[in-house]
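Good morning, colleagues. Please look at the sequence and the structure on the screen, and I shall take you through them.

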Amino acid sequence: CSQPSLDANPQAKGYKILTVRANKHLNRMRAWDRASVLTYAVYWGVAYMILNVIVSQLTVVFLSWMIEKTANFSMLAVTGIMCGVGVLMFLLPPVPGVPVYLTLGIVLTAQGYETIGWYYAVLFSTAVGLGLKLFSSALQQKLIGENLSHYVKIRQFVNINSNLMKAMRLVLGKGGLSVPKVAILIGGPDWPTSVLCGIMKLS
């Protein structure tokens, strides 16, 4: 939508390259306490390093250690261990899913190729990974999301009544697999998408 120019606002002079709304935002930012803003920026930077860098690296190290420890186990035992560890890691928000998939492909394929061959071992590890992901998504939605939906603070935090959330509810609430629905489910981050579906009490 078009914004009114600053020429129509006699109080907003000196910033003629900006619209009235942009000028208001700029003036509001100028009134911020810069020390507090920079302090919170450092906090967010530390949180990002912990969640997206350190946790990711520790996840890879842990899964590498588990590959080494389960090298001599049977395929059935390794499958059970990987299912338990995989579900637990999928339920943790900062843990990425890619290392879990890679570990499943490495461990289960290496354990199964001697008994069922490479082709079926790859299919088996793919099926286990898909099953773990779907089961974990259901747990995130039902166990975490629907329980969080009872808290008003949580609903306010995720802006449950915003236009964005209403649009997501409208798209995801329709039956079948439409292009917008698949785009939200696949394009969105795994944990937040599943939990938000639970908070919105989608089936």
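Which residues of α8 are buried? Before I answer, please bear in mind that this is a predicted model. The buried residues in α8 are T193, S194, V195, L196, C197, G198 and I199. With seven of its 10 residues buried, helix α8, which covers residues 190-199, is largely enclosed by the rest of the structure.

Against which elements do the buried residues of α8 pack? They pack against α4 (98-148), α5 (152-157), α6 (163-172) and α7 (179-187). After α8 comes K201, and the phi of K201 is positive, near 55 degrees.

Let me now turn to the protein as a whole. Its secondary structure amounts to eight helices and zero strands, so the order of elements from the N terminus reads α-α-α-α-α-α-α-α. The radius of gyration is 24 Å, whereas the globule rule gives 17 Å for 203 residues; the protein is therefore more spread out than a compact globule. The C-alpha trace spans about 80 × 45 × 35 Å along its principal axes.

What share of the 203 residues counts as buried? The figure is 29%. The exposed surface of the protein comes to about 13700 Å², of which carbon and sulfur atoms supply 68%. As for contacts between residues at least 6 apart in sequence, 62% of them join residues at least 24 apart.

I come next to the charged side chains. The protein carries 17 positive and 6 negative side chains, and 18 Å separates the centres of the two sets. Side chains of opposite charge can pair when their charged atoms come close. How many salt bridges does a search of the whole structure find? The search finds one.

That salt bridge joins K142 to E146, and their closest N and O atoms are 3.0 Å apart. Both residues belong to helix α4, and because they are four residues apart there, about one helical turn separates them. In general, an α-helix has 3.6 residues a turn, so residues three or four places apart point the same way.

Are the two partners buried or exposed? K142 is partly exposed, at a relative accessible area of 43%. E146 is also partly exposed, with a value of 25%.

To close, I return to the helix with which I began: α8 is largely enclosed by the rest of the structure, since seven of its 10 residues are buried. Thank you for your attention.

Notes:
Residues numbered from 1 in each chain as written. Predicted model: local features only at pLDDT ≥ 70, side-chain atom pairs only at ≥ 80, totals over all residues. Heavy atoms only, no water. Buried < 20%, exposed > 50% of the residue type's maximum accessible area, 1.4 Å probe, protein only. Helix = DSSP H or I, 4+ residues; strand = E, 2+ residues; numbered from the N terminus. Contact = heavy atoms within 4.5 Å. Rg over C-alpha atoms; globule rule 2.2 N^0.38 Å. Areas by Shrake-Rupley, 256 points an atom, 1.4 Å probe, with all protein chains shown as cover. Lys, Arg positive; Asp, Glu negative; His and termini not counted. Charge placed at Lys NZ, Arg CZ, Asp CG, Glu CD. Salt bridge = Lys/Arg side-chain N within 4 Å of Asp/Glu carboxyl O.
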